[in-house]
Amino acid sequence: WFEVELLRSDPGDFARTCRAWLTGLRDHQREAAAIAGELTARRFRRYLAASEIQFRARVVTNYRVVLRRRPEPRL
């Protein structure tokens with residue numbers, strides 16, 4: 001039904017995204033702790049920091065997959 005149009009790994013993009021989310025979380029630390037609790041906010045800070053490091057080191061990655069619907073066959 002579909003064909004792959006694009007398949008690529010962009011760990012740098014994901015590292016920058018994790019950094020932006022971590023910065024935002026740190027900027028709003030009190031609000032986050034009030035909503036989710038200090039323990040959860042701390043865990044997410046650690047998760048985002050570790051994720052950024054792993055993406056930058058290329059230990060992990062996410063793949064972007066773009067699919068295109070195949071045309072309906074004409075019989």
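**Salt bridges and the nonpolar core**

Glu52 and Arg56 pair up in a salt bridge, with 3.0 Å between the closest N and O atoms; the term is used here for a side-chain nitrogen of Lys or Arg within 4 Å of a carboxyl oxygen of Asp or Glu. The model is a predicted one, so local features need pLDDT of at least 70 and side-chain atom pairs count only at pLDDT 80 or more, while totals for chains, interfaces and linings use all residues. Residues are numbered from 1 along each chain as its sequence is written, and side-chain values use heavy atoms, with hydrogens and water left out.

Back to that pair: Glu52 and Arg56 both sit in helix α3 (residues 38–56), and because they are 4 residues apart, about one helical turn separates them. Helices (H or I, at least four residues) and strands (E, at least two) are DSSP runs, numbered from the N terminus. Glu52 comes out as buried, at 7% relative accessibility, where buried means under 20% relative accessible area, exposed means over 50%, and partly exposed covers what lies in between (1.4 Å probe, protein chains only).

The structure has 10 salt bridges. One of them joins the side chains of Arg68 and Glu5, at 3.3 Å from N to O. This one links distant parts of the chain, with Arg68 in strand β2 (residues 63–69), Glu5 in strand β1 (residues 2–9), and the two positions 63 residues apart. Both ends count as partly exposed: Arg68 has a relative accessible area of 40%, and Glu5 is at 45%.

Strand β2 also supplies Arg64, which makes a salt bridge to Asp10 with the closest N and O atoms 2.7 Å apart. Asp10 belongs to the loop between β1 and α1 (11–27), so this pair ties together parts that are 54 residues apart in sequence. Here the two ends fall into separate classes, as Arg64 is partly exposed at 34% relative accessibility, whereas Asp10 is buried at 11%. Arg64 and Asp10 also belong to a wider network, in which salt bridges with shared partners connect them to Arg8, Asp13 and Arg16.

On the nonpolar side, the largest core consists of 5 residues, namely Leu22, Leu25, Ala32, Ala41 and Leu48. A nonpolar core is taken as a set of buried Ala, Val, Leu, Ile, Met, Phe, Trp, Tyr and Cys residues joined through side-chain atoms within 4.5 Å. Helices α1 and α3 are the elements that give two or more residues to this core. Setting aside neighbours within four places in sequence, Leu48 is in contact (heavy atoms within 4.5 Å) with Cys18, Trp21, Leu22 and Leu25.
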